[in-house]
Number of protein chains: 2
Amino acid sequence: MSATRQRRVLGIVQNARAKPARFRDERITTAHGAGGKASQSLIEGLLLPVLANDSLAALGDAGAVSAAGVELALTSDSFVVTPLRFPGGSIGELAVNGTVNDLAVSGARPLALTLSLVLEEGLAAVELRAEIEAVARAAKAAGVQVVAGDTKVVSRGDADQMYVCTTGLGVLDSRARLSPSALTPGDRVLVSGPIGEHGMAVMLARGEYLLEADISSDTCSLWPVAEALIGAVGEQLRCMRDPTRGGVASALNELARASGVGVLVRERAVPISAPVAAASELLGLDPMYVANEGRLLAFVAPAAAADALAALRARPGCGLACEIGEVLAEPAGMVLVETAFGGRRVMDLLAGDPLPRIC
Amino acid sequence: MSATRQRRVLGIVQNARAKPARFRDERITTAHGAGGKASQSLIEGLLLPVLANDSLAALGDAGAVSAAGVELALTSDSFVVTPLRFPGGSIGELAVNGTVNDLAVSGARPLALTLSLVLEEGLAAVELRAEIEAVARAAKAAGVQVVAGDTKVVSRGDADQMYVCTTGLGVLDSRARLSPSALTPGDRVLVSGPIGEHGMAVMLARGEYLLEADISSDTCSLWPVAEALIGAVGEQLRCMRDPTRGGVASALNELARASGVGVLVRERAVPISAPVAAASELLGLDPMYVANEGRLLAFVAPAAAADALAALRARPGCGLACEIGEVLAEPAGMVLVETAFGGRRVMDLLAGDPLPRIC
C-alpha cells in the first residue's frame, strides 16, 4: 500500500481508536484479565468512568499521591499464577517483584509492601511457608519491608491454592519526569534484555506441552535498572514500562495510545533467546505478546539514547539491552513492526487470552 | 474460686500464653482465616517470623512507614464475603470501609486506596458494575480516591464470583499516640455503638437459617469518629480497634496480649440491638464474637473517659456509644467478662470459625 494510502487508512483506524473503549460484554471472560483489548474495554469502559479521578485516569503503572508535600506512588497487583512454582521463581517472588517493578518504572523508589493472601482450605502448610519465604527473600533483595498483611481462607474449591495481592508504596525520584503520555516523535525505544522468558517458563512448567526447554522466568526487581536510567539521563527519560501480561506488544500499544503517537519496532533488533524463539515457533506464540517480569522498556529522547543504553548495559543482567525502535508522529495510537524482510505491519492488542494466569 | 487462686491459675495460663503461638498445622483450614486462635498461630508462628520487621511485629491494624519525614500508615485487606450483597452493604462498600477503618483506628487520615480484583470467569457484568459503583460511592463518602488498580480473571470454579483486595494509605495524625501495646491498667474501654450487626446481617442474608430479622450491616467509614476522639482527648487515647472478624472478643484479646494487661468487660454495659440479641440466642452465637464493620473500640486514660464518650456520642450514628469495661493489671494477656449475674469468666479467642467469609 502507498504511504499516503497507509496514512489515510491508519488515520481512520486511529480516529476510531482514539475514543475510550466501551464495555458491552454481559459476562467476564478470561480475556478481560489478559491485558489485551477486552482488558482495555473493561478498564476504559467500566472501571475508569465509575472510579473517575485524575491519578487513575493517567493509567500509569502506579497512582500518584501527594502526602504533606512528599510525592508518593502507590500500586497494587493480584497474583494468580499457576503453577505456584516454575523455573526461576514462584508466586511469592512474583508478587514482590511485580509490584516493586510497577513502582520502579513509575520512577519511584520502593519503600514498603503489604501482603494480602487468599488461601484455599486444604493448602499444604509447607507450600504456604515456601511462598512466604519467597516473599521475604524477594523483599530483602528489593530492599523493601512487608509492613502489613491480611489472610483470608475460602472453602476448598473457592480458590486455586493461593492468590496473593501485594501493594507497593514508593517515593518518586525527583530527577524523573515520567508519564505514559510523554512519548515524543523521535524518541528511542530501549529494552533491558531478552523478552518472553517469564511467560514461556510458566507455560512450559504446566506440562501441557510435550516440550522441554532451558527457559527460566526473568523475575527480579527492576529498581536498580530504573534508577540507573534516571541517574544517567534524568528528564530525557520519557517513560518506562515493565511489559508483563500481554508482553512488549501490549505495553507499546498502551503507551502509543496514551501519548497519541505511533511506535515502530524493528523485529530484528528485539533480543530473544534461542530457546524462547524455538518454543514460540513450536507453540505458535508471538514472543512480543509473552509476559516478562524482569525487563523494562524505556523511551528516551534521541540525544540521550546512547547514554541510556550504556547505563542499561552496565547493570548486571542487562548486558543484552538494545534499542528496538522509535516513536513516530503517526499512525497515532498504533504500533508498527518492521519485519525481518523490511515490510511493516500493525502489532495490535490481542483480543483473547492465549496465556491465562501467567502472573 | 478465691481471688488468690484465680490469680495463680490465670498467672500460669498467662505464662503459657505469653510465648508466641506456634504453627504446627499441616494444612490450612477456614479457622486460619477466622481471626481466632488458628489465625494467631498462623500469624505468630509463620508469617511474622519469616517476614520479620518492626513495623509488622507491632501488629497494628496498619503498618507504619516513614517517607521523607512524613509519617504514613499502610494497610491491606482481602474481602471474600458471601453473599456479595447483604442488607446495609455489599463487598464493594466493605472493601473500602474495612480498609479505611484500619487506617482510622491507627490514627491515620485516609488518603488513597488501591483496588485489586480477582474475578471468576462468568461473573455477570452487572454484578461487577454494581460493586465498582459501591466502591466509588463508599470512597467518596470516606473522602478517598482509588488511585491504582488491577484485575485478574480466573477460570470458572477457581474463585467464588469476586474477591476484592483494597490497600489504604493514610497520614498519621500528629495529635495521636496510639499503640496496641499502650493499654494501661485503669484505662476505660469504650465502644462506638451496638455490636454484632454486620456479621449477623451477612449470616442471615445467606438464607441458611429460617430466620428473618431487621438487621443491617453497620459498614461505614470510621475516620470521622476516630478523628473526633483524637481531637477530644489527644494523647489520652491509647489505642483504637475496629472489631471485625472475631468481633469484640477477639479484638480485646489481641490488645490484652499485645499490652500484657487484662481487660474486663461488663456484659450488661455492651450495647446490642434487640434483633441481634434475639438472632444470636436462636443461632447459639455469642455476639461478642460476631464481626462489626462500622464500630470502634477505644481505650482511654480514665481522666479522659467522660470527654471521649461525649465526643463519641456527638457523632452521627454513635448516640449509643458506651463505656463497657476497663483495663486491669492482670490476668495479663486475658479478657474477662463480668456477666449479668456478677460472676466473671474468661472470654478467650475462638478455636474454630463459626462465621466463615463474613468480610
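Trainee: Which residue of chain A comes closest to the rotation axis?

Mentor: Ala159(A), at 2.3 Å, taken at its C-alpha. This is a predicted model, where local features need pLDDT of at least 70, side-chain atom pairs count only at pLDDT 80 or more, and totals for chains, interfaces and linings use all residues. Residues are numbered from 1 along each chain as its sequence is written, chains are lettered from A and ligands numbered from 1 in the order in which they are written, and side-chain values use heavy atoms, with hydrogens and water left out.

Trainee: What turn lays chain A on chain B?

Mentor: A turn of 180 degrees, with a shift of 0.0 Å along the axis. The RMSD is 0.0 Å. That is the relation of a two-fold axis. The copies are superposed by least squares on the C-alpha atoms of residues with pLDDT of at least 70 in both.

Trainee: And which surface do the copies meet through?

Mentor: The same one, because 100% of the interface residues of chain A are also interface residues in chain B. Contact here means heavy atoms within 4.5 Å.

Trainee: What ipTM does the predictor give the complex?

Mentor: 0.93, and the pTM is 0.93 too. Chain A averages a pLDDT of 92, and 94% of its residues score at least 70. pLDDT is the predictor's confidence in each residue, from 0 to 100.

Trainee: Where does pLDDT stay under 50 in chain A?

Mentor: Over residues 1–17. The model has 13 contacts beyond four places in sequence for that stretch. Where pLDDT is low, the predicted coordinates should not be read in detail.

Trainee: New topic. How is chain A divided into domains?

Mentor: Domain 1 is 21–52, domain 2 is 62–172 and domain 3 is 176–346. The bounds come from an automatic or database domain assignment. The centres of domain 1 and domain 2 of chain A, taken over C-alpha atoms, are 24 Å apart.

Trainee: Which helix of chain B packs with helix 2 of chain A?

Mentor: Helix 5 of chain B, residues 125–142. Helix 2 of chain A covers residues 37–51. Their axes are 8 Å apart, at an angle of about 30 degrees. Helices (H or I, at least four residues) and strands (E, at least two) are DSSP runs, numbered from the N terminus. Axes are lines fitted to C-alpha atoms, for helices over the stretch in contact, and angles run from 0 to 180 degrees between N-to-C directions.

Trainee: Which residues make that contact?

Mentor: Leu42(A), Leu46(A) and Val50(A) are among them on helix 2 of chain A. On helix 5 of chain B they include Leu128(B), Ile132(B) and Ala136(B). By class, the contact has nine nonpolar, one polar and two charged residues. Nonpolar covers Ala, Val, Leu, Ile, Met, Phe, Trp, Tyr, Cys and Pro; Asp, Glu, Lys and Arg are charged; the others, Gly among them, are polar.

Trainee: Within chain A, how do the axes of helix 4 and helix 5 cross?

Mentor: At roughly 35 degrees, coming within 7 Å. Helix 4 residues in the contact include Val96(A) and Val100(A), and those of helix 5 include Ala134(A) and Ala138(A). That contact has eight nonpolar, two polar and three charged residues.

Trainee: Which peptide bond next to Pro83(A) is cis?

Mentor: The one from Thr82(A) to Pro83(A), with omega near 0 degrees. Pro83(A) sits in the loop between strand 2 (70–79) and strand 3 (85–86) of chain A.
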